[in-house]
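Here is a short guided tour for the bench. Keep the model open beside you and follow along as we go.

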Amino acid sequence: MYWISKKSLWLAKKMNLKLLFFASLREKCEFSQKEITLLKQVRTAEEFLLEMSKQVGGDWVDLFENKNMYKLAINQELSSWSDLIHEGDELAIFPPITGG
């Protein structure tokens, strides 16, 4: 008989997220909204950025390395990069905003 641990089962699932980029970040990455399917589940927004930087590279590496410069909203609530995310969540990332 073959047993699958809960951890193995959790890692085997895909994860779908909706991603929104705003202002200069939208222009840099050339999209404002995107549906993302990760090949494995992640627990936090920070883990999401790390996984994207590993899978895609490029601008994702820069975003991960400089994440503390950006504001994050999860399901339209201002959040921290260490907050938990779940299947189907919406992540909105905002660049630093200046005004005058």
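Helices and strands here are DSSP runs, of at least four residues for a helix and at least two for a strand, and they are numbered from the N terminus. By that numbering, Lys67 sits in the loop between helix 4 (59-65) and strand 3 (71-74). Please keep in mind that this is a predicted model.

## The chain at a glance

The chain has 4 helices and 5 strands. Following the sequence, you meet them in the pattern α-β-α-β-α-α-β-β-β.

Of the chain's 100 residues, 36% count as buried. The accessible surface is about 6,700 Å², and carbon and sulfur atoms account for 52% of that surface. Among contacts between residues at least 6 apart in sequence, 51% link residues at least 24 apart.

## The sheet and the helix across it

How are the strands ordered in the sheet? The 5 strands form an open sheet in the order 2-1-5-3-4, and their pairing is mixed. Strand 2 and strand 4 (77-79) are the edge strands; each has a single partner strand, so one side of each has no neighbour in the sheet. On average, neighbouring strands are turned by 30° against each other, ignoring direction.

Within this sheet, strand 1 and strand 5 run parallel and are joined by 4 bridges. Helix 3 lies across strand 1, strand 2, strand 3 and strand 5, and runs at about 85° to strand 2.

## The nonpolar core

In soluble globular proteins, nonpolar side chains tend to be buried together. Here, the largest nonpolar core has 24 residues, and those touching the most other members are Leu19, Phe21, Phe48, Trp60, Ile85 and Ile93. Two or more residues each come from strand 1 (15-21), helix 2 (23-29), strand 2 (33-38), helix 3 (45-55), helix 4, strand 3 and strand 5 (90-94).

Ile93 is a good residue to click on. Leaving out residues up to four places away in sequence, Ile93 touches Leu19, Leu20, Phe21, Phe22, Leu25, Leu49, Leu63, Tyr70, Lys71, Leu72 and Trp81.

## Leu20, a residue of strand 1

Leu20 belongs to strand 1 and stands opposite Ala92 in strand 5. Is Leu20 buried or exposed? Its relative accessible area is 13%, so Leu20 is buried, the cut-off being under 20%.

Beyond its neighbours within four places in sequence, Leu20 is in contact with Ser32, Gln33, Glu90, Leu91, Ala92 and Ile93. The C-alpha atoms of Leu20 and Ser32 are 5.5 Å apart, although 12 residues separate the two in sequence.

## Two loop residues: Lys67 and Leu39

Back to Lys67, in the loop that precedes strand 3. Lys67 counts as buried because its relative accessibility is 11%. Which side chain makes a polar contact with the side chain of Lys67? That of Glu46 does, at 3.3 Å. A polar atom of the Lys67 side chain also lies 3.4 Å from the backbone oxygen of Phe64. Apart from neighbours within four places in sequence, Lys67 is in contact with Glu46, Leu49 and Trp81.

Leu39 is in another loop, between strand 2 and helix 3. With a relative accessibility of 57%, Leu39 counts as exposed, since the cut-off for that label is over 50%. Leu39 and Met15 are 24 residues apart in sequence, with their C-alpha atoms 6.7 Å apart in space.

How values were computed:
Residues numbered from 1 in each chain as written. Predicted model: local features only at pLDDT ≥ 70, side-chain atom pairs only at ≥ 80, totals over all residues. Heavy atoms only, no water. Buried < 20%, exposed > 50% of the residue type's maximum accessible area, 1.4 Å probe, protein only. Polar contact = N/O pair within 3.5 Å; in protein donor to acceptor, adjacent residues only side chain to side chain. Contact = heavy atoms within 4.5 Å. Core = buried A, V, L, I, M, F, W, Y, C linked by side-chain atoms within 4.5 Å. Pairing = 2+ DSSP bridges. Axes fitted to C-alpha atoms, helices over the stretch in contact; angles between N-to-C directions. Areas by Shrake-Rupley, 256 points an atom, 1.4 Å probe, with all protein chains shown as cover.
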